[in-house]
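Welcome! Take a moment to look over the sequence and the 3D picture before reading on.

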Amino acid sequence: AGADTGEQPKELVRKVQEYTQKATAMVKDAFSTLQESEVAQQARRWLSDNTELAKKQLAWLKQQLAELWKRTPAA
């Protein structure tokens, strides 16, 4: 009976450690997923914003070239 009593606290400590490790891993995974999601959203916003800006700049450049073409005398 004495050996069983000595083993029970060790077994309990082992189970608590396992549970803590599993819980920590789950929290890390959840946090990592959340961070990836936020990063992905930020990346999509950045791409969207900069794509729109690039389109506007390209349209402006086309307009400037078209006006320059009109002003250039034919050779």
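Here is a short briefing on this protein, grouped by topic.

Keep in mind that this is a predicted model. The protein has one helix and zero strands. A search of the whole structure turns up three salt bridges, and a nonpolar patch made of L58, W60, L61, L65 and L68 sits on the surface.

**Overall layout**

- The helix is called α1, and it covers residues 2–71.
- The protein counts 75 residues, and buried residues make up 0% of them.
- About 7,200 Å² of the protein is exposed, with carbon and sulfur atoms supplying 62% of that area.

**A network of salt bridges**

- Side chains of opposite charge can pair when their charged atoms come close.
- E11, R14 and E18 are linked in a network of salt bridges.
- In one of its links, the side chains of E11 and R14 meet at 2.3 Å, counted from N to O.
- E11 and R14 are separated by about one helical turn, because they are three residues apart in helix α1.
- The side chains of R14 and E18 also meet in a salt bridge, with 2.3 Å from N to O.
- R14 and E18 both belong to helix α1, where they are four residues apart, about one turn of the helix.
- How accessible are the members of this network? E11 has a relative accessible area of 33%, so it is partly exposed.
- R14 has a relative accessible area of 35%, so R14 is partly exposed.
- E18 counts as partly exposed too, because its relative accessibility is 34%.

**The salt bridge of E67 and R71**

- The side chains of E67 and R71 meet in a salt bridge, with 3.7 Å from N to O.
- Both E67 and R71 lie in helix α1, four residues apart, which is about one turn of the helix.
- Is R71 exposed or buried? R71 counts as exposed because its relative accessibility is 65%, and the cut-off for exposed is over 50%.
- E67 has a relative accessible area of 29%, so E67 is partly exposed.

**The nonpolar patch**

- Which residues form the nonpolar patch on the surface? They are L58, W60, L61, L65 and L68, and together they have about 510 Å² of accessible area.
- L58, one of the patch residues, has its place in helix α1.
- L58 counts as partly exposed because its relative accessibility is 45%, and partly exposed residues fall between the 20% and 50% cut-offs.

**To take away**

- Try finding helix α1, residues 2–71, in the picture.
- Then look for E11, R14 and E18, the residues linked in a network of salt bridges.
- Finally, look for the patch with L58, W60, L61, L65 and L68 on the surface.

Technical notes:
Residues numbered from 1 in each chain as written. Predicted model: local features only at pLDDT ≥ 70, side-chain atom pairs only at ≥ 80, totals over all residues. Heavy atoms only, no water. Patch = residues over 30% accessible without salt bridge, like charges linked within 9 Å, V, L, I, M, F, W, Y side chains within 5 Å. Areas by Shrake-Rupley, 256 points an atom, 1.4 Å probe, with all protein chains shown as cover. Salt bridge = Lys/Arg side-chain N within 4 Å of Asp/Glu carboxyl O. Helix = DSSP H or I, 4+ residues; strand = E, 2+ residues; numbered from the N terminus. Buried < 20%, exposed > 50% of the residue type's maximum accessible area, 1.4 Å probe, protein only.
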